[in-house]
Every structure is written in structure tokens, then in C-alpha cells.
Amino acid sequence: MDHVNHTGIQNFILAGFTTSGTLRPLAFLGTLCVYLLTLAGNLFIIVLVRADSGLSTPMYFFVSVLSFLELWYVSTTVPTLLNTLLHGHSPIPSAVCFVQLYVFHSLGMTECYLLGVMALDRYLAICRPLHYHALMSRQVQLWLAGATWVAGFSAALVPASLTATLPFCLTEVAHYFCDLGPLMRLACVDTGWNVQVHIVVIGIINACNLVLILGLYGGILRAVLKLPSAASRAKAFSTCSSHVTVVALFFGSAFIVYVGPPESRPEGADKLIALVYTFLTPFLNPIIYTLRNKEVREAVGRVTQRIRALSKGP
């Protein structure tokens, strides 16, 4: 690593993944293809929800908000991942690095809150079906969606600002994007206090949302088990299974990286785990949530018929 005077740092160096010359083009092309598919899948969901009235429900509104978030979330880190795969060690201006750090964690915390809101939506739909549409009106949906963004971008100010104000003596970031742990390892001072603050802030937010989600699903489970027919129980569980899968992927990887002490993990493990929630989850979300869903397939059929009718003309 390069040692420098901490008062004059203008650029950091993103180390990325270590790949050989023959594997580098394949890794770049594979990553680029998955990135483009992720953008296409999430854009498809947003357009479909807006285009088909059959998906004008609170659940699909929040799914479309999640897809919109994922477009920005994946685009925050994948461009630097592609750059490091193509060119190896890549410089990044310190200001851009700190902006990336803040936006990445803002979007991550927004998703954390949004997953909690989506669990609340499922709870009201299954446990309070008679009052569901009154409780989850369009105004309430917009308010909840907006609140998740405000809360996420506000909460990320603490860890991002504390990290950005550290004095740095090293410049090589052992990651493919600017993240808390790799940046703190470059500081000239002891960052133990910063680590504790990050664990408290990020840990409490994640833990509170996870406890809320588990509590809501506990209520859902009790309500579903009381349903008279197996078909009704299966249908109720099917509306929740996709959300539970994404919650497990997101919170599991987030807790490993941001709540546990950095020294407890092998070197390079953060980069591999980060691929789960920065790259894999946004790619899988369209498949997990909607593309395998019967309602979505029917909506695709309806929209396709409308397009064909319009193309044929009068």
C-alpha cells in the first residue's frame, strides 16, 4: 500500500478483484451482461406496474419502488467494479469516493426500511383484509415510500460523515467500491470508536427493521394457520415467500459485513459478501418478486395484447 501525507490525498486507488489476464475480459463481460439484465429487469417491472391496471395494488406499488431503488443501488457500485475488472487498480477522486460511500449506504438503509414497509403491507393484507384498502390508501402508500427514502438518506449521514472526516495515510482501498471498513483501514488514527458508532447506527437500524419484519410475519403465520382450506393457506404463503427470500439475502449479508468486527473476517471476504447485496440481490429481485408470479405473467399477456392491438391500428 502507498503511504502518503494525509493532508494531501486527492485520490484513492480501488484494488478490486485480482484476476488474471485471460479471465479479466470474461469477468468484465459477464459482469456487464448481468448488470444490463438487472437494469432491464427492474425497468420492466416499473413499466409493467404502471401500464397494467391489474397490478395497481399496494404490494406491486412497493415492488416498483424497490425496483426503482435497485436501479440506483446497483449503478452506485457496478461501474467501479467494471472499471477495476477491465483496468485493474483504478484511481478514484476522494470526493467521488465519499459521495459513493454516502449514496451507497443511503440506498442500502432505504431498502432496509422499505423491506419493513413491504412486510407491513403483507401483514395488513392478510391479517386485516376488511380494512386493508382503507389503511393502505394511495396517500398512505406515497407517504410510506417517501418516508423510507428520507429516513435512509438521513441515517447514512452519520457513518459517511464520520468516515469522510478521518485523516488518511494510505490510499489503496481493498475493495471495488468505497465502503466503510476498507476506508477506515487506511486511516492514520485508531478507528475503534468509529467502528462502534457504525455498528450501533447500522446495527440498530437493521435490527429494528428485522425485528419488525419477524414480528409481522409471526402475526401472518398465526393468521394463515387459522385459514380453513389448504389452498387459502398456500395462496397466502405464496404472497410472502418472495419477500422472505429477499429479506434473508439482504439482512444476512448486511449483518455479516457491517455489524460484526472487521478483523473477524478473512481478508477479501468483504468483497465477496458485498457481491450478494450489491449485485446478486438486485439481479434476482425481479425474478424472485414478479417474473415467476402468476399475476405478473397475466399482466404481461394483457399488455402484450394491447400493444398488438395498437400496432394493428383501426
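Which residues in α3 meet which residues in α8? In this predicted model, the α3 side of the contact consists of His105, Met109, Cys112, Tyr113, Leu115, Gly116, Ala119, Leu120, Arg122, Tyr123, Ile126 and Cys127. They meet Ile202, Ile205, Asn206, Asn209, Leu212, Ile213, Leu216, Tyr217, Gly219, Ile220, Ala223 and Val224 in α8.

Now the geometry of this pair. Helix α8 covers residues 192-225, and its axis comes within 9 Å of the α3 axis. The two axes cross at roughly 15°. Angles under 35 degrees count as roughly parallel, so α3 and α8 are roughly parallel to each other. Their crossing is left-handed.

Helix α3 also matters for the core count. The largest nonpolar core has 82 residues. Helix α3 (residues 94-127) supplies the largest share of this core, 15 residues. The residues with the most contacts inside the core are Phe12, Phe62, Leu115, Met118, Phe168 and Leu183.

Leu115 appears both in that list and in the α3 contact with α8. Leaving aside residues up to four places away in sequence, Leu115 touches Ile213, His243, Val246, Val247, Phe250, Phe251 and Tyr289.

An unreviewed UniProt entry lists residues 26-49, 61-82, 102-121, 142-162, 199-224, 236-260 and 272-291 under "transmembrane region". Two of these spans are set out below.

| Span | Helix | Strand | Distance between end C-alpha atoms |
|---|---|---|---|
| Residues 61-82 | 100% | 0% | 31 Å |
| Residues 142-162 | 95% | 0% | 32 Å |

Notes. Residues numbered from 1 in each chain as written. Predicted model: local features only at pLDDT ≥ 70, side-chain atom pairs only at ≥ 80, totals over all residues. Heavy atoms only, no water. Core = buried A, V, L, I, M, F, W, Y, C linked by side-chain atoms within 4.5 Å. Buried < 20%, exposed > 50% of the residue type's maximum accessible area, 1.4 Å probe, protein only. Helix = DSSP H or I, 4+ residues; strand = E, 2+ residues; numbered from the N terminus. Contact = heavy atoms within 4.5 Å. UniProt positions renumbered as here; feature names shortened; annotations may be inferred. Axes fitted to C-alpha atoms, helices over the stretch in contact; angles between N-to-C directions. Parallel < 35°, antiparallel > 145°, perpendicular 65-115°, else oblique. Left-handed = near helix turned anticlockwise from the far one by under 90°.
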